[in-house]
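Q: Please take a close look at how the charged side chains pair up in this model, and at the helices that carry them. I would like cut-offs stated with the terms.

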Amino acid sequence: MQSFLFEAISDIYVKEGNQLHDVCIVVPSKRAGIHITKCFGQIIDKPIFLPQITTINELVKQSAGIAVVDSFILVYKLFEVYKHHIKTDESFDEFFYWGEMLLNDFDDIDKYNISAKDLFSNIEAYKDIDRQFAYLDAEQIEVIRQFWGSFIAEKLTADQDSFYEIWTKLYPIYTEFTKLLQIEKGGYEGLAYKLVIDEIQKEDCLLFPKTKYLFLGFNALNRCEHLLFKYLNKQQKARFYWDTDQYYYDDPIHEAGYFVRQNIKMHGNELNTRYQNLLGEKDISIIAAPSSVIQIKQIGRAHV
């Protein structure tokens, strides 16, 4: 039986024919793009213009018009903004670990299309409750915990008080930081996603000029990817190829098929043949491998 990519590329070639030059194939990783080129080489026996082949991250970055900057540089820029809002003698070395975590949080916020203002306001309110109940003794706090469920209230130290000040400044820091990055035409992946999603909300959006965008082999999607797929589908520019089979797809409680079932229901699927059972008889061995090095050694022995 042919691989998923070979089946998908064969289907694309049959449907698009000589119009491949106006098609963009989007995949999760660069490695998949290399295999797609090989598949075209096996299928096509005449000179032809191949479609654009790109990853989802590259497509978003190009559409957003910004370059993704090295994380070290981003953390330093974040440090400069941080010092503007938080009066501190903290050095860059001391800030770096905290800055990396904060940068990752900003990335997640943007990729999942979360309102930073609402999120940070809620966090600030939550921390404010902590402060208001800091005078309570252990027994009183335990009673409140039982009432509020996951409520946390502990006596504040000077460090905790300082930490609370940071929580109240997170949204201004986020706002100034992202504005600075946009001015400089650089940023992190999540910001690129956010800019694209903001743009496709406009009626005169011209970010995606290709006739068709074909998405191959995706599984779990972030919120921005869902919105982008939905937008291109509505514009009748998108088609989707999901790599699945009957064993995972038909079992409603099988966790391995959860995302693909949701994706197919929402966006459709070009390859109905993938619903057949591709697994066949299975020969499964369970080997204890407590480290990644041992795992690699075992894999090598299994293929000898």
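A: Helices are DSSP runs of H or I with at least four residues, and strands are runs of E with at least two, both numbered from the N terminus. The model is predicted, so local features need pLDDT of at least 70 and side-chain atom pairs count only at pLDDT 80 or more, while totals for chains, interfaces and linings use all residues. Residues are numbered from 1 along each chain as its sequence is written, and side-chain values use heavy atoms, with hydrogens and water left out.

The protein has 14 helices and 6 strands. Of its 304 residues, 38% are buried, where buried means under 20% relative accessible area, exposed over 50%, and partly exposed in between (1.4 Å probe, protein chains only).

Side chains of opposite charge can pair when their charged atoms come close. The structure holds 12 salt bridges, each being a side-chain nitrogen of Lys or Arg within 4 Å of a carboxyl oxygen of Asp or Glu.

One of them joins Asp-11 to Lys-15, at 3.0 Å from N to O. The two lie 4 residues apart in helix H1 (residues 4–16), which means a separation of about one helical turn. An α-helix has 3.6 residues a turn, so residues three or four places apart point the same way. Asp-11 is buried at 17% relative accessible area, whereas Lys-15 is partly exposed at 39%.

A second bridge pairs Glu-184 with Lys-77, at 2.9 Å from N to O. Glu-184 sits in the loop between helix H9 (170–183) and strand S4 (186–187) and Lys-77 in helix H4, so this bridge ties together parts 107 residues apart in sequence. Both ends are partly exposed: Glu-184 has a relative accessible area of 42% and Lys-77 one of 23%.

The helix that carries Lys-77 is H4, residues 71–85. Its 15 residues should span 21 Å at 1.5 Å a residue, and the end C-alpha atoms are 21 Å apart, so the two agree; the expected span is 1.5 Å times one less than the number of residues. Buried positions in H4 include Leu-74, Val-75, Leu-78 and Phe-79. At the start of H4, a side-chain oxygen of Asp-70 comes to within 2.9 Å of the backbone nitrogen of Phe-72.

On the other side of the Glu-184 bridge, H9 precedes the loop. H9 has 14 residues, for which 20 Å is expected, and its end C-alpha atoms are 20 Å apart. Leu-170, Ile-173, Tyr-174, Phe-177, Thr-178 and Leu-181 are buried in H9. They cover an arc of only 115° around the axis, so they fall on the same side of H9; the arc is that of the directions from the helix axis to the C-beta atoms. The face turned away from this buried side carries the exposed Lys-179 and Ile-183. Just after H9, Lys-185 has a positive phi of about 60°.

A third bridge is formed by Arg-239 and Glu-270, whose closest N and O atoms are 3.4 Å apart. This pair links distant parts of the chain, 31 residues apart: Arg-239 is in strand S6 (residues 238–241) and Glu-270 in the loop between helix H13 (258–267) and helix H14 (292–302). Arg-239 is buried at 14% relative accessibility, and Glu-270 is partly exposed at 26%. Through shared partners, salt bridges join Asp-11, Lys-15, Glu-16, Lys-212, Arg-239 and Glu-270 into one network.

Terms used: Polar contact = N/O pair within 3.5 Å; in protein donor to acceptor, adjacent residues only side chain to side chain.
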